[in-house]
Amino acid sequence: QVQLVESGGGLVQPGGSLTLSCAASGSIFRIVAMGWYRQAPGKQRELVATKNSGGATDYADSVKGRFTISRDNAKNMVYLQMNNLKPEDTAVYYCNAYIYTDYTNWNEYWGQGTQVTVSS
């Protein structure tokens with residue numbers, strides 16, 4: 001069993017900052033990639049940012065220059081630093097990871113989500 005647990009969401013004013021954290025725990029052999037997705041009301045879940053074990057990152061165009069993803073491989077954690085937040089960033093943010101539980105078996109895992117609300 002593998003669990004992803006997010007923290008750090010909340011209410012912030014436009015232009016403000018938040019940092020999301022996600023901790024992976026359980027039967028982890030190797031983490032291939034970790035990242036963040038978000039889903040706003042009435043919209044599909046979308047990629048925000050990912051970072052693989054080699055350090056390569058990918059960002060949604062809408063967050064480039066404002067959000068930064070980072071990982072602590074020793075702690076099996078991923079972070080999302082969000083700056084200059086806009087009302088359109090309001091969504092439930094989900095942690096995502098591709099994890100090997102042994103040499104051959106891997107799965108995609110999701111956290112339970114954390115709400116980010118940007119409003120004055």
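Reader: Where is the place of G54?

Author: This is a predicted model. Strand β6 covers 57-59. G54 comes before that strand, in the loop between β5 and β6.

Reader: Is G54 buried or exposed?

Author: A residue counts as exposed over 50% relative accessible area. G54 has 75% relative accessibility, so G54 counts as exposed.

Reader: What distance separates the C-alpha atoms of G54 and Q13?

Author: Along the chain, G54 and Q13 are 41 residues apart. In space, their C-alpha atoms are separated by 35 Å.

Reader: How many disulfides does a search of the whole structure find, and which residues form a disulfide?

Author: The search finds 1 disulfide. Its sulfur atoms lie 2.0 Å apart. The cut-off for a disulfide is 2.5 Å. The residues are C22 and C95.

Reader: Which strands hold C22 and C95?

Author: The pair links distant parts of the chain, 73 residues apart. C22 sits in strand β3, and C95 sits in strand β9.

Reader: Is the disulfide of C22 and C95 left-handed or right-handed?

Author: Look at the torsion about the S-S bond. For C22 and C95 it is about -85°. The sign is negative, so the disulfide is left-handed.

Reader: Are C22 and C95 buried or exposed?

Author: Buried means under 20% relative accessible area. C22 has 0% relative accessibility, so C22 counts as buried. C95 also has a relative accessible area of 0%, so C95 is buried.

Reader: Which element gives the most to the largest nonpolar core?

Author: The core has 30 residues. Elements that give two or more residues include β1, β3, β4 and β9. The one that gives the most, with 5 residues, is β9.

Reader: Which residues of this core touch the most other members?

Author: Y93 is one of them. Outside its sequence neighbours up to four places away, Y93 touches residues including W36, L80 and M82. Those three are also on the list of core residues with the most contacts to other members. The full list is L4, M34, W36, L80, M82 and Y93.

Reader: In what order do the 4 strands of the open sheet run, and which are the edge strands?

Author: The order is β1-β3-β8-β7, with antiparallel pairing. The twist averages 15° from one strand to the next. An edge strand pairs on one side only, and here the edge strands are β1 and β7.

Reader: Which residue in β8 is the bridge partner of D72?

Author: β7 and β8 pair in the antiparallel sense over 6 bridges. β7 covers 67-72, and β8 covers 77-82. The partner of D72 in β8 is M77.

Technical notes:
Residues numbered from 1 in each chain as written. Predicted model: local features only at pLDDT ≥ 70, side-chain atom pairs only at ≥ 80, totals over all residues. Heavy atoms only, no water. Core = buried A, V, L, I, M, F, W, Y, C linked by side-chain atoms within 4.5 Å. Buried < 20%, exposed > 50% of the residue type's maximum accessible area, 1.4 Å probe, protein only. Contact = heavy atoms within 4.5 Å. Pairing = 2+ DSSP bridges. Axes fitted to C-alpha atoms, helices over the stretch in contact; angles between N-to-C directions.
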